[in-house]
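This report covers one histidine, a nonpolar core and two pockets. Please keep the structure open while reading.

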Amino acid sequence: MISVREESGADVPAVRQLNELAFGRTEEASLVDALRASAHPRVSLVAVENGEVVGHIFFSPVTIQPEESITTTATAGAAMGLAPMAVLPQHQKRGVGSRLVRAGLRACLNLGCAVVVVLGHPEYYPRFGFVPASRLGLRSEYDVPDEVFMATELVPGALDGVRGLVKYHPAFGRV
């Protein structure tokens, strides 16, 4: 049975190893370490099976810089970026990631977050309500294809009248 809970200090080594194994490199693990140390508020959840951490998801604050050409007082409210998410290779394609995403979105909403963005697989994230962010008036600070930068409104209408550039936590640029 898989359960999802908040990450604890005791989980840190397992989360690092999990990210290294899932991505086959150390960059994402180092990003999680950097975000854990400096991103507030944040959501960091683990999926556990038989006492073993088999999945992890992290959400950190993002900012939306309004477009200069639009004069509006609309604001999106608190916004978070989903990244990274990792599942041990032997536990992939078993619903662990889906459970983490759903629990993470609920946790973000409970924190007062109105919007979540993700750079991810366009075949995977729409099942959780994500659409190309450009449809909602947002663009990424990174040069990525339109279909991989997605957003979802946790609070319906949160992006009404909002147009802007999404900027991630500075740790993303250092890793």
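## A buried histidine

H169 is buried in this predicted model. Its relative accessible area is 13%, and buried means under 20%, so H169 falls in that class.

H169 sits in the loop between β9 (164-167) and α4 (171-174). Its side chain makes a polar contact of 3.3 Å with the side chain of S38. Leaving aside residues up to four places away in sequence, H169 touches L35, S38, A39, S60, P61 and R174. S38 thus appears twice: as a polar partner and in the contact list.

## The nonpolar core

The largest nonpolar core holds 56 residues. Within this core, L82, V116 and Y125 touch the most other members. Strand β4 (residues 78-87) gives the most to the core, with seven residues.

Y125 has its own set of neighbours. Not counting residues up to four places away in sequence, Y125 touches L82, M85, V101, V118, G120, F130 and M150.

## The largest pocket

The largest pocket has a volume of about 980 Å³. Several elements give two or more residues to its lining: α1 (12-23), α2 (27-38), β4, α3 (96-110) and β5 (113-119). The largest share of that lining comes from β4, with six residues.

In total, 32 residues line the largest pocket. Nearest its centre lie F23, M85, A86, H121 and Y125. Y125 is also one of the residues that touch the most other members of the largest nonpolar core. M85 is among the residues that Y125 touches. By class, the lining has 18 nonpolar, seven polar and seven charged residues.

## The second largest pocket

What is the volume of the second largest pocket? The value is about 240 Å³. Two elements, β2 (43-49) and α3, give two or more residues to its lining. Helix α3 is also among the elements that give two or more residues to the lining of the largest pocket.

The second largest pocket is lined by E6, E7, R36, R42, V43, S44, L45, A103, R106, A107 and L111. By class, that lining has five nonpolar, one polar and five charged residues.

## Points to locate

- H169 and S38, joined through their side chains by a polar contact of 3.3 Å.
- Strand β4, which gives seven residues to the largest nonpolar core and six to the lining of the largest pocket.
- Y125, which lies among the residues nearest the centre of the largest pocket.

Key
Residues are numbered from 1 along each chain as its sequence is written. This is a predicted model: local features need pLDDT of at least 70, side-chain atom pairs count only at pLDDT 80 or more; totals for chains, interfaces and linings use all residues. Side-chain values use heavy atoms; hydrogens and water are left out. Helices (H or I, at least four residues) and strands (E, at least two) are DSSP runs, numbered from the N terminus. Buried means under 20% relative accessible area, exposed over 50%, partly exposed in between (1.4 Å probe, protein chains only). A polar contact is a pair of N or O atoms within 3.5 Å; within protein, one must be able to donate a hydrogen and the other to accept it, and residues adjacent in sequence count only if both atoms are side-chain atoms. Contact means heavy atoms within 4.5 Å. A nonpolar core is a set of buried Ala, Val, Leu, Ile, Met, Phe, Trp, Tyr and Cys residues joined through side-chain atoms within 4.5 Å. On a 1 Å grid over the protein atoms alone, a cavity is a set of points where a 1.4 Å probe fits but cannot get out, and a pocket is an open set with protein on both sides within 12 Å along at least five of seven lines; lining residues have an atom within 4 Å of a point. Grid points are joined across faces, edges and corners, and a volume is the space filled by probe spheres set on the points. Ala, Val, Leu, Ile, Met, Phe, Trp, Tyr, Cys and Pro count as nonpolar, Asp, Glu, Lys and Arg as charged, and the others, Gly among them, as polar.
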